[in-house]
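Hi everyone, thanks for coming. Please bring up the sequence and the model on your screens, and we'll walk through them together.

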Amino acid sequence: MPGSMRLSEILGDVPRRHVCGPLDSRVGGLYSDSRRVVSGGAFFALRGEHADGHDFIPQAIANGAAAVVFEHAVSLPPGIVGYQVENAREAMARAAANFYGDPTSGIPAVGITGTNGKTTVAYLVEAILCAAGRRPALFGTVSYRFEDRELPATHTTPEAIELLRAIAEFRAAGAGSLVMEVSSHALEQRRADGVRFSVGVFTNLTPEHLDYHGDMESYYASKRRLFSALLAREKGRAVVN
């Protein structure tokens, strides 16, 4: 796992609107929760349903943030590197993949989305990969696990920093493939954008989460991102029910 990295290595391929401060500065961790920031960390100010991370930039800096990634212009004290982007969630996913060594590069990664059946399909694919000697890590609604290692699931698909860190840990322990349930919330919020999917699976689409997505067309559009954006980027294969 990384000790510290230069911001140029972490954010170099992340499109920016503006930057202030030296990108050769080093940071030792990535955070989206200002309460968890420690000295030398980089804080990502995310817009949420009920809160805006930009409001917590002062707390992140008070806790020791050395760099802040944000969307709308903010005033930062001297010595703090500022990196302004169009979409902080997308930036965070790309940064996490860079910081944790692009942990899904070179291994089969299967993403499963749909309203119903994701967990069942994930378990079946995990069993198939085990039978093929692939040693899969699995991320889903119940838990995140690899062989005898298991972490409690906070979301079907965790936030990008948590997701890429756990994948990197499992790969370092010997994981040779990945199976993931990918929720519509995660696709909409770019949580899985740092994963290199080689196969995407679509189970079905029935009314659910409309309190968040608003209507079926928006719900469908979120699911479609797995194929139109992430899978297409890697020239992967789709399995559609």
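Let me start with a question: which residue stands opposite Val-179 in S12? The residue opposite Val-179 is Leu-138. Before we go on, please keep in mind that this is a predicted model.

Let's stay with S12 for a moment. Strand S12 covers residues 177-181, and five of its five residues are buried. On one side you have Ser-177, Val-179 and Glu-181, on the other Leu-178 and Met-180, and both faces are covered.

Now for its neighbours. Strand S9, residues 136-139, pairs with S12 in the parallel sense, over four bridges. Strand S8, residues 109-113, also pairs with S12 in the parallel sense, and again there are four bridges. Within that second pairing, Ala-109 has Leu-178 of S12 as its bridge partner.

Next, please find helix H5. Helix H5 runs over residues 160-172, and its 13 residues should span 18 Å at 1.5 Å a residue; the C-alpha atoms at its ends are 18 Å apart, so the two agree. Which residues of H5 are buried? They are Ala-160, Ile-161, Leu-163, Leu-164, Ala-166, Ile-167, Ala-168 and Phe-170. As a general reminder, an α-helix has 3.6 residues a turn, so residues three or four places apart point the same way. Just after H5 comes Gly-174, with a positive phi of about 120 degrees.

H5 and S12 meet again when we look for empty space inside. How many cavities of 30 Å³ or more does a search of the whole structure find? The search finds one, and the volume of the largest cavity is about 30 Å³. Its lining is made up of Ile-107, Ala-137, Phe-139, Ile-167, Phe-170, Arg-171, Ala-175, Ser-177 and Leu-178. S9, H5 and S12 are the elements that give two or more residues to this lining, and H5 has the largest share, with three. By class, the lining of the largest cavity holds seven nonpolar residues, one polar and one charged.

On to the pockets. The largest pocket has a volume of about 1000 Å³. It is lined by 33 residues, and the closest to its centre are Ser-32, Asp-33, Leu-46, Arg-89 and Glu-159. Strand S4 (29-31), strand S5 (41-44) and H5 each give two or more residues to that lining. Which element gives the most to it? That is H5 once more, with three residues. The classes in the lining of the largest pocket are 10 nonpolar, 10 polar and 13 charged.

The second largest pocket holds about 260 Å³ of space. Among its 13 lining residues, Asp-13, Arg-94, Asp-193, Gly-194 and Arg-233 are the closest to the centre. Helix H3 (88-99) and helix H8 (216-233) are the elements that give two or more residues here, with the largest share, five residues, coming from H3. Nine residues of this lining are charged, two are nonpolar and two are polar.

Last, a word on cysteines. A disulfide is a covalent bond between the sulfur atoms of two cysteines. A search of the whole structure finds zero disulfides. Are Cys-20 and Cys-130 buried or partly exposed? Cys-20 has 31% relative accessibility, so it counts as partly exposed. Cys-130 is at 46%, and therefore counts as partly exposed.

That's my tour; thanks for listening!

Terms used. Residues are numbered from 1 along each chain as its sequence is written. This is a predicted model: local features need pLDDT of at least 70, side-chain atom pairs count only at pLDDT 80 or more; totals for chains, interfaces and linings use all residues. Side-chain values use heavy atoms; hydrogens and water are left out. The expected span of a helix is 1.5 Å times one less than its number of residues. Buried means under 20% relative accessible area, exposed over 50%, partly exposed in between (1.4 Å probe, protein chains only). On a 1 Å grid over the protein atoms alone, a cavity is a set of points where a 1.4 Å probe fits but cannot get out, and a pocket is an open set with protein on both sides within 12 Å along at least five of seven lines; lining residues have an atom within 4 Å of a point. Grid points are joined across faces, edges and corners, and a volume is the space filled by probe spheres set on the points. Ala, Val, Leu, Ile, Met, Phe, Trp, Tyr, Cys and Pro count as nonpolar, Asp, Glu, Lys and Arg as charged, and the others, Gly among them, as polar. Two strands pair if DSSP finds at least two bridges between them. A disulfide is a pair of cysteine sulfur atoms within 2.5 Å.
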